[in-house]
Amino acid sequence: MRDTTKHGGRRGSRRATYGLAAAAGALALAVSACAPGADAAGAGDGTGGTAKMTVSYSQLVADQLPLWIAVNSGLFKKQGLDVSLTSLSGSDGFPALISGQTQMASIGASEMVSGAASGAQVNYLATLTPVFPYQFYTKAKTAAELKGKRIGITTSSGSVYVATLAALGQLGLTPQDVRLVSLGSVTNVNNALIAGSVDAALSHPPASTQIEAAGYHSILDLAKQHIPTSNVGLATTTAYAKSHKDQIKKFMTALSQAIAREKSDEKYAESELSKHLKISDPKALKETWEYFAKEVLPARPTPTTAQLQTSKDALAKTPGVSKLDLSKIVDDSYFPPAG
């Protein structure tokens, strides 16, 4: 069992989604290089042997902590799974999933919605972040002062973009009131804000520690707004879900155990955050754990159509999105609604 990580932007453009067939060949080499044995995924499923799975995630962020815990604490292994994690940008992760180079992807609702709208047959199985895990940072004292100002986003289609639209709405602003600046990745957005290249942006711990030290303050905590979304959710192809139900059930059992440990074992959770996010500041680690474990991460990662609807509304002008039937994407059989 291993965790293979490569740095990449959190969200990619929709263009990669529409080029699934072309991307598949190139990704075959890339994913095989970072996750050997991916083509043997599923071996041993139902036979008592070890079932292999390659799971991608789109960036090194605290949303992914349950996956890191499940791998590094041996929870997947106890379920008879050999899970390899690989970091692929949103624009690469979805094509890799569709081409069969990975068996599951930890991606945002916007990627799932735009990908399904382009014809991909995918299932949304669980949500790790059912709210927008962001605070809106600026040096402005009021929302009105943001008119005409530069707002940093990753891309014009990813989860940060969708969250920014939601934040602007909460502040009584529209996208036309500000200048949205695409910067490619969450890291770039954080760095641009600290450097003053943009006037405001969404962020969260641990980056918020540096952002606040640079003189910024939060004028809105989106997580507390409880707007349904899937900032980070787990998806697979419909074909894989149908042929590997037992394997996915075991995966979700381990995931539930990892979520429980993240919430209950602060010391261990912070050690995993430190290892993966490369931070050692005790204050930043504690703030990150408290924000995600107590405010963001659900005890039960049940997927819902409402979590995808936010992205569907934001991407309504994308071809095929408005006609998308979200109920055909959501599969809550592994985490049925309570009651």
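Select helices α12 and α13 to begin: in this predicted model they are roughly perpendicular to each other, because an angle between axes of 65 to 115 degrees is counted that way. The axis of α12 (residues 266-277) crosses that of α13 (residues 282-296) at roughly 115°, and the two axes come within 10 Å. If you look along the crossing, α12 passes α13 in the right-handed sense. Show the side chains next, since the contact is formed by E266, A269, E270, L273 and S274 on α12, and by L285, K286, T288 and W289 on α13. Coloured by class, this contact of α12 with α13 displays four nonpolar, two polar and three charged residues.

Keep α12 on the screen and add helix α3 (residues 65-72), which packs against α12 at an angle of about 100°, the axes being 10 Å apart. The pair α3 and α12 is therefore also to be described as roughly perpendicular. From α3 the contact takes in L65, W68, I69 and N72, while α12 contributes Y268, A269, E272, L273, K275, H276 and L277. By class, the residues of this contact of α3 with α12 divide into seven nonpolar, two polar and two charged. Two residues of α12 are worth labelling at this point, A269 and L273, for they are listed in the contact with α13 and are listed again in the contact with α3.

Now hide the helices and select the open sheet, in which five strands follow the order β8-β7-β9-β6-β10 with mixed pairing. The edges are held by β8 and β10 (217-221), each of which has a single partner strand, so that one side of each is left without a neighbour in the sheet. From one strand to the next, the twist averages 30°.

Within the sheet, go to β7 (residues 150-153), which runs parallel to β8 (residues 179-182) and is joined to β8 by four bridges. Label I153 here, and you will find S182 of β8 standing opposite. Bring back helix α7 (residues 159-170), because β7, α7 and β8 together make a β-α-β unit that is right-handed. Strand β7 also runs parallel to β9 (residues 200-203), to which two bridges join it. For that pairing the residues to label are I151 and A200, the latter being the bridge partner of I151 in β9.

Move on to strand β6 (residues 135-138), where the sense of pairing to look for is antiparallel: β6 and β10 are paired in this way over four bridges. T138 and H217 are a useful pair to label, as T138 stands opposite H217 in β10. With these strands still in view, add helix α8 (residues 186-195), which lies across β6, β7 and β9 and runs at about 135° to β9.

The last two stops are in loops, and both concern backbone geometry. Most residues other than glycine have a negative phi, and most peptide bonds are trans. Which form does the peptide bond from P205 to P206 take? This bond is cis, with omega near 5°, and P206 is found in the loop between β9 and α9 (207-213). Finally, centre the view on H226, which belongs to the loop between β10 and β11 (232-237). The phi of H226 is near 55°, a positive value in a residue other than glycine.

Technical notes
Residues are numbered from 1 along each chain as its sequence is written. This is a predicted model: local features need pLDDT of at least 70, side-chain atom pairs count only at pLDDT 80 or more; totals for chains, interfaces and linings use all residues. Side-chain values use heavy atoms; hydrogens and water are left out. Axes are lines fitted to C-alpha atoms, for helices over the stretch in contact, and angles run from 0 to 180 degrees between N-to-C directions. Angles under 35 degrees count as roughly parallel, over 145 as roughly antiparallel, 65 to 115 as roughly perpendicular and the rest as oblique. A crossing is left-handed if the near helix is turned anticlockwise from the far one by less than a right angle, and right-handed if clockwise. Contact means heavy atoms within 4.5 Å. Ala, Val, Leu, Ile, Met, Phe, Trp, Tyr, Cys and Pro count as nonpolar, Asp, Glu, Lys and Arg as charged, and the others, Gly among them, as polar. Two strands pair if DSSP finds at least two bridges between them.
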